[in-house]
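Readers meeting a structure for the first time are often helped by a guided walk through a few of its details. Please look over the sequence and the model shown here before reading on.

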Amino acid sequence: MRIVGLTGGIASGKSTVSNHFKAHGVPVVDADIVARDVLKKGTGGWKKVVAAFGEEILQGDGEVDRPKLGRIVFSDPAKRQLLNRLLAPYISSGIFQEILKLWLKGHKVIVLDIPLLFEAKMDKWTKPIVVVWVDPETQLQRLMARDRTNEEDARNRINAQMPLDLKRSKADIVIDNTGSLEDLNEQFQKVLFQVTRPLTWTEFALSRQGALLALFSITIGVLAFRKASL
């Protein structure tokens, strides 16, 4: 099995690239979706966060007011670290469960779409690592236009993340998304070819097919040994 790490920064275009993978039949485990699920009312993550931040972060229906919680943690590094620490075990478990489901279905290539790939130390489980990069000014302008927010709030959200230049230095593959959608699509086709190339023997051994082949080989070996022993 090949687990491809996909990351970037806010308003970098990572979600667009993620959707391209899905459109081409490559399954994607989206950490943001997992994070939303672990914060639903009544879950363990929900209880931890409400206990730490108080009921004022809740909506009328008891669900977490995510924009309100976001404003709190993006303006305070200590609270952001606290939130990440509280939810990290639940998110990691959720991601593992999603990967396991896809493994059991026999998928050989899986994309792990996670904004905090490096921060959560999950990059060691992914190869290759794809980083969607844009220059800082483009990122700022796109975020302000997308969320209709002011420059200060936009900069706070950008500065709360690892700089894209640092992520780029850790990447195996970089997608430069400062250009047009046509430019992005052209780059994606090249990346798709790279990540869906035939598995190495090590990757194949980690796939469901590889595990079944190993089990079959072991079974044949045991039967042959028993027959020879009779």
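The report below takes up salt bridges, a helix pair, a buried threonine and some backbone features in turn.

The structure is a predicted model, and the residue numbers used here start from 1 along each chain as its sequence is written.

**Salt bridges**

The count of salt bridges comes to nine, and three of these pairs are set out in the table, with the N to O distance for each.

| Pair | Place | N to O distance |
|---|---|---|
| Aspartate 172 and lysine 127 | loop between H8 and S5; loop between S3 and S4 | 3.0 Å |
| Arginine 155 and glutamate 151 | helix H7 | 2.8 Å |
| Aspartate 165 and arginine 168 | helix H8 | 3.4 Å |

The salt bridge between aspartate 172 and lysine 127 joins two loops: aspartate 172 sits between helix H8 (164-169) and strand S5 (173-176), while lysine 127 sits between S3 and S4, so the pair ties together parts that are 45 residues apart in sequence. The two partners also fall into separate classes of accessibility, since aspartate 172 counts as partly exposed at 38%, whereas lysine 127 counts as exposed at 53%.

The other two pairs in the table each lie within a single helix. Arginine 155 and glutamate 151 are four residues apart in helix H7, and are therefore separated by about one helical turn; arginine 155 is partly exposed, with a relative accessible area of 38%, and glutamate 151 is partly exposed as well, with a value of 40%. In helix H8, aspartate 165 and arginine 168 are three residues apart, which again gives a separation of about one helical turn, and here aspartate 165 is partly exposed at 41% relative accessibility, while arginine 168 is partly exposed at 35%.

Arginine 155, which belongs to helix H7 (residues 151-159), can also be placed against another part of the chain, for its C-alpha atom is separated by 6.9 Å from that of leucine 140, a residue 15 places away along the chain. Beyond the tabulated pairs, Arg146, Asp147 and Arg157 are linked to one another in a network of salt bridges.

**A pair of packed helices**

Two packed helices are described by the angle between their axes and the distance between the axes. Helix H4 (residues 66-74) packs with helix H5 (residues 77-104) at an angle of about 125°, and their axes are 6 Å apart. With such an angle, H4 is oblique to H5. On the H4 side the contact is made by Leu69, Ile72, Val73 and Phe74, and on the H5 side by Pro77, Lys79, Arg80 and Leu83. Sorted by kind, the residues of this contact comprise six nonpolar and two charged ones, with no polar residue.

**A buried threonine in a loop**

Is threonine 126 buried or exposed? Its relative accessible area is 4%, and because buried means under 20%, threonine 126 counts as buried. This residue is found in the loop between strand S3 (109-113) and strand S4 (129-133). From there, the side chain of threonine 126 reaches the backbone oxygen of aspartate 123 at 3.1 Å. Leaving aside residues up to four places away in sequence, threonine 126 touches Ile3, Val4, Gly5, Leu112 and Leu117.

**Backbone features**

The loop between S3 and S4 also holds proline 128, and the peptide bond leading from lysine 127 to proline 128 is cis, with omega near 5°. Lysine 127 is thus a residue of this cis bond and also a partner of aspartate 172 in the salt bridge described above.

Which phi value does alanine 11 take? Phi of alanine 11 is near 65°, a positive value in a residue other than glycine. Alanine 11 lies in the loop between strand S1 (2-7) and helix H1 (14-23), where it is buried, with a relative accessible area of 15%.

Arginine 148 likewise has a positive phi, of about 50°, although it is not a glycine. The place of arginine 148 is in the loop between helix H6 (136-147) and H7, and at 79% relative accessibility arginine 148 counts as exposed, whereas alanine 11 is buried.

Note on methods. This is a predicted model: local features need pLDDT of at least 70, side-chain atom pairs count only at pLDDT 80 or more; totals for chains, interfaces and linings use all residues. Side-chain values use heavy atoms; hydrogens and water are left out. Buried means under 20% relative accessible area, exposed over 50%, partly exposed in between (1.4 Å probe, protein chains only). A polar contact is a pair of N or O atoms within 3.5 Å; within protein, one must be able to donate a hydrogen and the other to accept it, and residues adjacent in sequence count only if both atoms are side-chain atoms. Contact means heavy atoms within 4.5 Å. A salt bridge is a side-chain nitrogen of Lys or Arg within 4 Å of a carboxyl oxygen of Asp or Glu. Axes are lines fitted to C-alpha atoms, for helices over the stretch in contact, and angles run from 0 to 180 degrees between N-to-C directions. Angles under 35 degrees count as roughly parallel, over 145 as roughly antiparallel, 65 to 115 as roughly perpendicular and the rest as oblique. Ala, Val, Leu, Ile, Met, Phe, Trp, Tyr, Cys and Pro count as nonpolar, Asp, Glu, Lys and Arg as charged, and the others, Gly among them, as polar.
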